[in-house]
Amino acid sequence: MPSTTTAADACVELFNRVYDEIFDEIRKFVAQKCADTEDISDILQETYLEYYRLILRKGSGYAQNNRALVFKIARRKLHQYHSLRDKMKILMPFGRYGGGDDEEPSEAHALRTTRYPRRSQSGYGS
């Protein structure tokens with residue numbers, strides 16, 4: 001019995017091939033541009049989901065350069081991410097995006113805010 005490849009199968013094969021070829025490169029790109037490491041996987045997931053839906057809708061032959069298409073989608077997702085972060089900073093000045101009281105103070109913050117006794121003029125106390 002001959003094997004027939006449907007359009008959906010061709011899209012799945014294309015998606016898997018592109019995913020395998022450029023995932024590490026895309027992950028590095030997103031990680032360099034993303035301020036919060038917790039959001040990197042979300043941005044990657046949204047990028048590949050949009051790419052998958054696009055090739056299913058338009059067909060596996062839609063893009064001449066699939067790598068460029070995935071990077072274009074990732075750039076758009078990163079832009080949306082940064083726009084949302086900026087809006088969250090305005091709307092929620094405290095908390096995760098504003099550095100409010102509900103966050104654990106970082107070691108650097110503790111060092112900046114620690115009060116040390118002043119040294120005397122001679123530098124060794126008296």
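**Warm-up.** Which residue follows α2, and is its phi positive or negative?

*Solution.* Look just past the end of α2: Gly-59 comes next, and its phi is positive, near 105 degrees. Before going on, keep in mind that this is a predicted model, where local features need pLDDT of at least 70, side-chain atom pairs count only at pLDDT 80 or more, and totals for chains, interfaces and linings use all residues. Residues are numbered from 1 along each chain as its sequence is written, and side-chain values use heavy atoms, with hydrogens and water left out.

**Exercise 1.** Work out the overall make-up of the chain.

*Solution.* Start with the elements, which are DSSP runs numbered from the N terminus (helices are H or I, at least four residues; strands are E, at least two). The protein chain has 4 helices and 0 strands, so to speak an α-α-α-α run from the N terminus on. Next comes burial, where buried means under 20% relative accessible area, exposed over 50%, and partly exposed in between, with a 1.4 Å probe and protein chains only. Of the 126 residues in the protein chain, 28% are buried. Last, take contacts, meaning heavy atoms within 4.5 Å. Among those in the protein chain with a separation of 6 or more, 63% are between residues 24 or more positions apart.

**Exercise 2.** Find the largest nonpolar core and say which helices build it.

*Solution.* A nonpolar core is a set of buried Ala, Val, Leu, Ile, Met, Phe, Trp, Tyr and Cys residues joined through side-chain atoms within 4.5 Å. The largest one has 25 residues, and those touching the most other members are Ile-26, Val-30, Cys-34, Tyr-48, Tyr-51 and Val-70. At least two residues come from each of α1 (7-33), α2 (37-58) and α3 (66-91). The top contributor is α1, with 9 residues. Now zoom in on Val-30: leaving aside neighbours within four places in sequence, it is in contact with Ile-40, Ile-43, Leu-44, Ala-74 and Leu-78.

**Exercise 3.** Check α2 for length and sidedness.

*Solution.* First, the length. The expected span is 1.5 Å times one less than the number of residues, so the 22 residues of α2 should cover 32 Å, and its end C-alpha atoms are indeed 32 Å apart. Second, list the buried residues of α2: Asp-39, Ile-40, Ile-43, Leu-44, Thr-47, Tyr-48, Tyr-51, Leu-54 and Ile-55. Seen down the helix axis, these fall within an arc of 165 degrees (taken from the directions from the axis to the C-beta atoms), so they line one face of α2. On the other side, Glu-38, Gln-45, Arg-53 and Arg-57 are exposed. Third, pick Thr-47 from the buried set: its relative accessibility is 0%. Beyond four places in sequence, Thr-47 is in contact with Val-70, Ile-73, Ala-74 and Lys-77.

**Exercise 4.** Locate the bend in α1 and see whether the residue there is buried or exposed.

*Solution.* The bend at a residue is the angle between axes fitted to the seven residues ending there and the seven starting there. In α1 you get about 60 degrees at Ile-22. Ile-22 is buried, and so are others in α1, including Cys-11, Leu-14, Phe-15 and Val-18.

**Exercise 5.** Classify the ring pair of Phe-29 and Phe-71.

*Solution.* A pair of aromatic rings is described by the distance of the centres and the angle of the planes. Rings of Phe, Tyr and Trp (its six-membered ring) pair if their centres lie within 6.5 Å; planes under 30 degrees apart count as stacked, over 60 as edge-to-face and the rest as tilted. That rule gives 8 aromatic pairs. For Phe-29 and Phe-71, the centres are 5.3 Å apart and the planes are at 65 degrees, so this pair is edge-to-face. Phe-29 sits in helix α1 and Phe-71 in helix α3, 42 residues apart. Both are buried: Phe-29 has 16% relative accessibility, and Phe-71 has 9%. Elsewhere, ring pairs link Phe-15, Tyr-19, Phe-23, Tyr-48, Tyr-51 and Tyr-52 into a cluster.

**Exercise 6.** Compare the settings of Leu-69 and Gly-61.

*Solution.* Leu-69 is in helix α3 and is buried, at 13% relative accessibility. Not counting residues up to four places away in sequence, Leu-69 touches Tyr-51, Leu-54, Tyr-62 and Ala-63. Gly-61 lies in the loop between α2 and α3 and is exposed, at 67%.
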